[in-house]
Every structure is written in structure tokens, then in C-alpha cells.
Amino acid sequence: MATTFRASEHQHIRYNPLQDEWVLVSAHRMKRPWQGQVEPPLLTTVPRHDPHNPLCPGATRANGEVNPHYEGTFLFDNDFPALQPDAPSPGPSDHPLFQAEAARGVCKVMCFHPWSDVTLPLMSVPEIRAVVDAWASVTEELGAQYPWVQIFENKGAMMGCSNPHPHCQVWASSFLPDVAQREERSQRAYQSQHGEPLLMEYGRQELLRKERLVLTSEHWLVLVPFWAVWPFQTLLLPRRHVRRLPELTPSERDGAPTGSEAGADWDHWQLHAHYYPPLLRSATVRKFMVGYEMLAQAQRDFTPEQAAERLRALPEVHYRLGQEDKETAAVA
């Protein structure tokens with residue numbers, strides 16, 4: 001007799017219509033024992049202010065500049081930028097297999113808060129709102145000169161971040177990066193064929209199906225995409241059609257979870273944010289994108305539906321606050 005397909009037991013591939021690529025889902029692999037690398041526990045004690053930390057208020061950075069004693073957000077030019085506004089052009093290519101083009105831009109760093117021992121989830125709503133407003137402002141400013149403005153946060157040592165101070169980066173470029181190009185093509189093609197933005201229809205479908213929703217509010221959806229690559233990858237979507245961060249209303253900004261933002265000034269584009277946490281089995285075991293992932297295509301180890309179910313079951317209290325409550329109770 002034919003075996004009935006179950007996504008949680010049988011490998012299959014899923015299509016990502018946003019980036020025009022496929023992912024292999026092999027949920028049965030989570031049954032294998034883990035003997036690979038285990039990350040050290042998270043640093044539990046971070047000084048609130050360290051005069052030697054170049055992101056702290058009043059600290060001296062590598063280029064000799066001294067930070068102001070800021071009390072909210074702080075935006076400054078990256079001291080070691082990947083993009084510079086005045087880089088020369090490489091000139092014409094002499095062969096189609098050896099193409100190079102000019103790449104110009106600006107890289108900035110934005111500190112979210114003057115304290116080093118907080119992160120966005122631990123900040124107050126007004127403090128987070130100030131960050132969202134600053135993002136919208138810098139998007140407007142740099143977007144007037146550059147076709148692409150990317151806001152992203154590399155959070156934690158596991159993601160290569162060497163500084164615990166809450167901050168993100170803003171890169172504006174004279175060119176449209178690869179992922180943005182794929183997402184633009186896909187959304188433009190879908191709008192042309194169906195008459196509405198791809199991510200608007202996708203959000204409606206996820207609301208109806210309810211299999212991958214993690215959080216919903218009056219203005220926002222947080223879900224694990226049907227095509228998610230990273231184990232607990234999530235996608236943040238506005239409920240209405242919004243192209244860019246500056247278009248968000250005050251109430252939408254108040255309720256906005258934060259992530260790596262992608263917005264553009266096209267009618268077929270929908271503002272969205274990607275979260276790519278690397279964790280696989282626990283806080284100390286991560287997903288490695290190697291071997292098959294590097295040479296063939298992405299592969300995930302359990303289904304997006306299983307990931308969404310686990311995320312929905314988590315308590316709303318931040319784990320650090322929960323830990324502080326336990327420590328207080330133990331002392332008492």
C-alpha cells in the first residue's frame with residue numbers, strides 16, 4: 001500500500017516564491033544524535049557602561065572620535081565601512097567572464113540605547129519606538145541618494161557580533177544587492193500576473209491557514225514562512241500594504257517588532273523584516289549551513305509548522321527577566 005505523506009516524517013522540497021529558490025525539508029533528521037559543536041553559554045553579566053567599549057556613551061572609538069553622552073539612539077558613520085561614497089570605478093571589462101562594476105555607498109552604525117546590558121526585547125515601548133523612528137529617518141535620508149538602504153542587526157557572538165552593546169548597521173548602496181534583486185523580480189512578476197502584492201496575499205493565506213502563525217496584532221503578523229530555511233526563521237509583515245518604513249503610521253510604529261528591514265519605493269513591494277536565528281536544538285546548538293547547503297541548496301531539519309508550534313508555546317516573559325525572578329525568589 002502507498003505510504004501517506006506526512007511533512008513531519010517525509011523529506012520534501014518547498015518553493016520560496018519571494019526569492020525564487022527551493023529548500024529541502026528533512027524533519028526526520030532531528031532524531032539523529034548530536035555530537036557536533038556546542039556553543040558556550042551566553043554571557044550573563046554585561047557591564048551597563050564600559051568606558052573601553054567603543055559603542056558606549058563618552059567612549060573613544062578606534063578612529064579617535066569620542067561618542068557624545070547620548071541618552072537615546074546614536075547614529076554615526078561606521079569607522080570601518082564596507083562601502084564608501086567616493087570609490088573609483090573599475091572601468092569597462094575586456095571579457096564577459098570578468099565583469100566588475102562600481103560600488104559606492106555609506107555604512108552607518110546605530111546604537112539603540114546607552115546601556116550595554118539591554119537588548120531590544122528588554123527596552124520599553126517608547127524606547128523601541130525611538131529606534132523605529134530613527135530607522136525611518138535614516139531610510140528617508142539615505143534613500144534620497146541611494147537606491148537601496150539595508151538595516152540589519154547581527155546579534156550575539158554566534159552570529160559574529162563582537163560587541164554586546166545593542167546596535168545595528170545601516171548600509172546604503174549604489175546598486176541593488178542580489179537578494180533584493182530576486183525579491184523585487186518575484187514581487188513584480190506576481191503583481192503583474194495577479195494584480196496585488198505577493199506578500200499581501202501570502203499574509204492573508206497564512207491568517208486563514210493558521211499553521212505557521214507565531215504572533216498577530218492589529219497591525220502586524222509574525223510567522224514562520226512556509227519556505228523557511230533557518231530552523232526558527234520568522235517573517236514580519238504589516239497587515240496593510242506598506243512599501244517603506246517611513247510610510248508606517250504612529251500606531252504601526254508603536255506595535256512594530258523589529259528585525260532586518262527590507263523596504264522599497266515600488267508598488268509591488270511590501271515592507272517586511274527577516275529574522276534568521278541560527279539555533280537548532282537548544283541555545284547552544286546551532287544549524288551549520290555547510291556541505292549540501294553550500295554546494296546544492298538549503299536544507300532544514302524540522303518543518304516550519306513544528307518551529308511555529310514551538311515558538312507559540314514559549315512564554316511571553318523574556319528569559320532573562322524570568323531568570324532574574326527566579327534568582328530573586330531564591331535569595332528571598
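In the predicted model, residues 24 or more positions apart account for 62% of the contacts in the protein chain with a separation of 6 or more. The secondary structure of the chain comprises 7 helices and 14 strands. The radius of gyration of the protein chain is 22 Å, close to the 20 Å given by the globule rule for 332 residues, so the chain is as compact as a globular protein of that length. Along its principal axes, the C-alpha trace spans about 75 × 70 × 40 Å. Of the 332 residues in the protein chain, 41% are buried. The accessible surface of the chain amounts to about 18600 Å², and carbon and sulfur atoms contribute 56% of this area.

Attention was then given to individual sites, beginning with a histidine in a loop. His113 is located between strand S4 (105-111) and helix H1 (125-143). Its relative accessible area is 6%, and His113 therefore counts as buried, the limit for this class being under 20%. When residues up to four places away in sequence are left aside, His113 touches Tyr70, Gly72, Val118, Met123, Glu127, His165 and Pro166. A polar atom of the His113 side chain also lies 3.0 Å from the backbone nitrogen of Trp115.

A second loop site is provided by Ser162, which is placed between strand S5 (148-152) and strand S6 (167-173). Ser162 has a relative accessibility of 77% and is therefore classed as exposed, a class that requires over 50%. The C-alpha atoms of Ser162 and His241 are 36 Å apart in space, while the two residues are separated by 79 residues in sequence.

The surface was also examined for nonpolar groupings. A nonpolar patch is formed there by Ile13, Tyr15 and Trp22, which together have about 300 Å² of accessible area. Within this patch, Trp22 belongs to strand S2, which covers residues 21-25. The relative accessibility of Trp22 is 42%, so this residue counts as partly exposed; the class lies between the limits of 20% and 50%.

Taken by accessibility, the sites described above fall into separate classes. His113 is buried, Trp22 is partly exposed, and Ser162 is exposed. As to their setting, His113 lies in the loop that joins strand S4 and helix H1, Ser162 in the loop between strands S5 and S6, and Trp22 in strand S2.

How values were computed. Residues are numbered from 1 along each chain as its sequence is written. This is a predicted model: local features need pLDDT of at least 70, side-chain atom pairs count only at pLDDT 80 or more; totals for chains, interfaces and linings use all residues. Side-chain values use heavy atoms; hydrogens and water are left out. Patches are made of residues with over 30% relative accessible area and no salt bridge: like charges are joined within 9 Å, nonpolar side chains (Val, Leu, Ile, Met, Phe, Trp, Tyr) within 5 Å. Accessible areas come from the Shrake-Rupley method with a 1.4 Å probe; for residues, only the protein chains shown count as cover. A salt bridge is a side-chain nitrogen of Lys or Arg within 4 Å of a carboxyl oxygen of Asp or Glu. Helices (H or I, at least four residues) and strands (E, at least two) are DSSP runs, numbered from the N terminus. Buried means under 20% relative accessible area, exposed over 50%, partly exposed in between (1.4 Å probe, protein chains only). The radius of gyration is taken over C-alpha atoms; the globule rule is 2.2 Å times the number of residues to the power 0.38. Contact means heavy atoms within 4.5 Å. A polar contact is a pair of N or O atoms within 3.5 Å; within protein, one must be able to donate a hydrogen and the other to accept it, and residues adjacent in sequence count only if both atoms are side-chain atoms.
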